[in-house]
Each structure stands twice: as structure tokens, then as C-alpha cells.
Amino acid sequence: MPVREHNTIREGIYAGVLSATVIAVWLLIVDTIEHHPFFTPDVLGTGLLRFLGAPRMSDTMALHVTIYTIFHYVAFAIIGIIVAWIVHQARRTPAILAGFLVTFVIVEGGFYGLAALLSVTTALGGIAWYQIMVANLLGSIVMFTFMWMRHPDLKGQFANALDGTDA
């Protein structure tokens, strides 16, 4: 079988866009079921604009959703590029996957804790932490499935990383 050429940036952007889209669709479904379409990106966009210190010129839902959506896709493209880089580095050093797995679990746990805290203490109160958790898990599954499909040798690399061998 011919060896496929992998471009880290392109592959990472694809993975990030897929992941961001799954999360956006999930949140749209949840918001629509609760009869408040676009509630989540509106609240998150409002928070993002306030965090950035943007002046309140035309503070509308459309602006909040647009700003947050752009931020969301750019952030996930960057995350996808980082994940693709790690996957590509694992070919040379499989142990990097074990470190990545531990880091991923720690970051996810911290993220869920922060989401739970913010849902109690801020305007995010209307967004349950478990909705964000499911969205993040769906996004992670999509990103890792994409990478797994693009790199079938990842299974062996994970096994080597967890065994502590550099086969």
C-alpha cells in the first residue's frame, strides 16, 4: 500500500473544523430543544466580547453568535493542528502519546470543573456543565476518530506508548 503524505496543518484544520462543527450542532440541538436557539453562542460571545474589553456599540445576538463562532472555529483549528502535530511526532517517539493522553485527561477534567463553576457564578448559569461536557466529548471523539482513520498505525503507537517501548 502506498504511503500517504500527511500535511500537519491541513490535517489539523480538517480535524478542528469537524470537531467544532459537531460541537456547534450539538449545542444548537440542545438550545433548540430548550426553545432558545443560539442561546449558548450568544452567551459565550457576550462573555468573549466582555473579556476582550470590546466597546458596546451594536451589542446584538447576531454579533455575539458571529464573534463566538469565528473564535470557536479558529480555536478548534489550532487545537486540531496541535493534535495532528502530536500524532505525527508519535511516529518517531510513541511515548509522546502517553504524555498527551495524560495531559488531555487533566485538561478535560479542569475544563469541566471550570464550566461547572462558571455555570453557578456567571451568566453561563443557563448552560449546564454536562451540556458542555457532552459537546466536548463529542468533539474529542470526532477529532480522534478522524486522526485514527488517517493514521491506522496509531493503535500500535498507543500500545507502544503505554507499554513504554519505542518500537
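Partly exposed, as used here, covers relative accessible areas between the buried limit, under 20%, and the exposed one, over 50%. One more thing before we start: this is a predicted model.

**Exercise 1.** Work out how Phe144 counts: buried, partly exposed or exposed?

*Solution.* Start with the value: Phe144 has 28% relative accessibility. Buried would need under 20% and exposed over 50%. Phe144 therefore counts as partly exposed.

**Exercise 2.** Classify the ring pair of Phe100 and Phe104, then place it in the chain.

*Solution.* The structure holds four aromatic pairs. One of them joins Phe100 and Phe104, with 6.4 Å centre to centre and 35 degrees between the planes. Stacked needs planes under 30 degrees apart and edge-to-face over 60, so this pair comes out as tilted. Now the placing: both residues sit in helix 4 (residues 95-121), and because they are four residues apart there, about one helical turn separates them. As for accessibility, Phe100 is buried at 18%, while Phe104 is partly exposed at 24%.

**Exercise 3.** Find out which kind of pair Phe104 and Phe144 form, and which helices it links.

*Solution.* Take the geometry: 5.3 Å centre to centre and 90 degrees between the planes, which makes the Phe104 and Phe144 pair edge-to-face. Next, look at the helices: Phe104 is in helix 4 and Phe144 in helix 5 (residues 129-150). With their positions 40 residues apart, the pair links distant parts of the chain. Put it together, and ring pairs link Phe100, Phe104 and Phe144 into a cluster.

Note on methods
Residues are numbered from 1 along each chain as its sequence is written. This is a predicted model: local features need pLDDT of at least 70, side-chain atom pairs count only at pLDDT 80 or more; totals for chains, interfaces and linings use all residues. Side-chain values use heavy atoms; hydrogens and water are left out. Rings of Phe, Tyr and Trp (its six-membered ring) pair if their centres lie within 6.5 Å; planes under 30 degrees apart count as stacked, over 60 as edge-to-face and the rest as tilted. Helices (H or I, at least four residues) and strands (E, at least two) are DSSP runs, numbered from the N terminus. Buried means under 20% relative accessible area, exposed over 50%, partly exposed in between (1.4 Å probe, protein chains only).
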